[in-house]
Amino acid sequence: MARLIALTVGFLAISLPIALANAATNGWAAVATLPSAIGSEAAAAAPCNGGLTTTCVYSMGGLSTSQNGISAVEMYSGATNTWKAVASLQTGRSSFGATSGPCAGATGSTCVYAVGGIDVNGATL
């Protein structure tokens with residue numbers, strides 16, 4: 001059964017509902033809201049960390065409510081409908097892309113990549 005998580009990625013740092021598209025029912029449903037109000041974040045799907053054997057959605061970086069770049073990363077598990085803080089980005093950033101793919105030097109593993117963006121000082125990464 002194919003499912004899609006839709007994160008609202010916006011300019012203003014606000015906490016908006018997150019929706020899940022379920023291809024089996026051809027409908028949308030609300031899921032747990034991110035614990036922190038953020039905007040201009042990026043998201044990617046990858047295997048869950050911490051022993052879960054499913055795919056999770058990672059929401060990372062973005063802008064805080066005071067418009068500061070943040071480095072926090074949250075992992076959403078559809079199995080538990082919860083968000084969990086995981087390892088932060090090395091640099092707080094916003095307005096960037098994210099994807100998952102083979103880990104450098106370990107092609108049997110999947111990593112999440114944060115690509116480009118703007119750092120906390122407004123410089124392009």
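A45 stands opposite V57 in β5, and that pairing is a handy way into this predicted model. Local features here need pLDDT of at least 70 and side-chain atom pairs count only at pLDDT 80 or more, while totals for chains, interfaces and linings use all residues. Residues are numbered from 1 along each chain as its sequence is written, and side-chain values use heavy atoms, with hydrogens and water left out.

**The chain as a whole**

The secondary structure comes to zero helices and eleven strands, so called from DSSP runs numbered from the N terminus (H or I of at least four residues for a helix, E of at least two for a strand). Read along the sequence, you just get β-β-β-β-β-β-β-β-β-β-β. Of the 125 residues in the chain, 34% are buried; buried means under 20% relative accessible area, exposed means over 50%, and partly exposed is in between, with a 1.4 Å probe and protein chains only.

The accessible surface is about 6,900 Å², and 56% of it belongs to carbon and sulfur atoms. That area comes from the Shrake-Rupley method with a 1.4 Å probe, and for residues only the protein chains shown count as cover. As for contacts (heavy atoms within 4.5 Å), take those between residues at least 6 apart in sequence: 36% of them join residues at least 24 apart.

**How far to trust it**

The predictor's confidence in each residue is pLDDT, which runs from 0 to 100. The chain averages 82, and 85% of the residues score at least 70. Among the elements, strand β7 (residues 82–86) has the highest mean pLDDT, 94, and strand β1 (residues 3–6) the lowest, 44. Over residues 1–14 the pLDDT stays under 50, although the model has 50 contacts beyond four places in sequence for that stretch.

**The four-stranded sheet**

Strands of a sheet pair through backbone hydrogen bonds, either parallel or antiparallel. Here, four strands form an open sheet in the order β4-β5-β6-β7, with antiparallel pairing. Its edge strands are β4 (42–47) and β7, each of which pairs on one side only. From one strand to the next, the twist averages 30°; for such angles, axes are lines fitted to C-alpha atoms (for helices over the stretch in contact), and the angles run from 0 to 180 degrees between N-to-C directions. Two strands count as paired if DSSP finds at least two bridges between them.

Here are the pairs, by bridges:

| Strand pair | Sense | Bridges |
|---|---|---|
| β4 and β5 | antiparallel | six bridges |
| β5 (residues 55–60) and β6 | antiparallel | five bridges |
| β6 and β7 | antiparallel | five bridges |

Some individual partners are worth finding on screen. C56 has S77 in β6 as its bridge partner, S59 has E74 in β6, and M75 has K84 in β7. The hairpin of β6 and β7 has four residues between the strands, and N81 takes a positive phi near 55° there.

The inner strands are well covered. Five of the six residues of β5 are buried, so β5 is largely enclosed by the rest of the structure. For β6, five of the five residues are buried, so that strand is largely enclosed too. V73, M75 and S77 point one way from β6, E74 and Y76 point the other way, and all are buried.

**A closer look at E74**

E74 lies in strand β6 (residues 73–77). Is this glutamate buried or exposed? E74 counts as buried because its relative accessibility is 14%. Not counting residues up to four places away in sequence, E74 touches L34, P35, V57, Y58, S59, W83, K84 and A85.

A85 deserves a second glance. It stands opposite E74 in β7, and the two are eleven residues apart in sequence but 4.5 Å apart in space, C-alpha to C-alpha. A polar atom of the E74 side chain also lies 3.4 Å from the backbone nitrogen of A85. A polar contact is a pair of N or O atoms within 3.5 Å; within protein, one must be able to donate a hydrogen and the other to accept it, and residues adjacent in sequence count only if both atoms are side-chain atoms.

**And S94**

S94 is found in strand β8 (residues 93–94). S94 is buried, with a relative accessible area of 5%. Leaving aside neighbours within four places in sequence, S94 is in contact with S40, G62, L63, G117 and I118.
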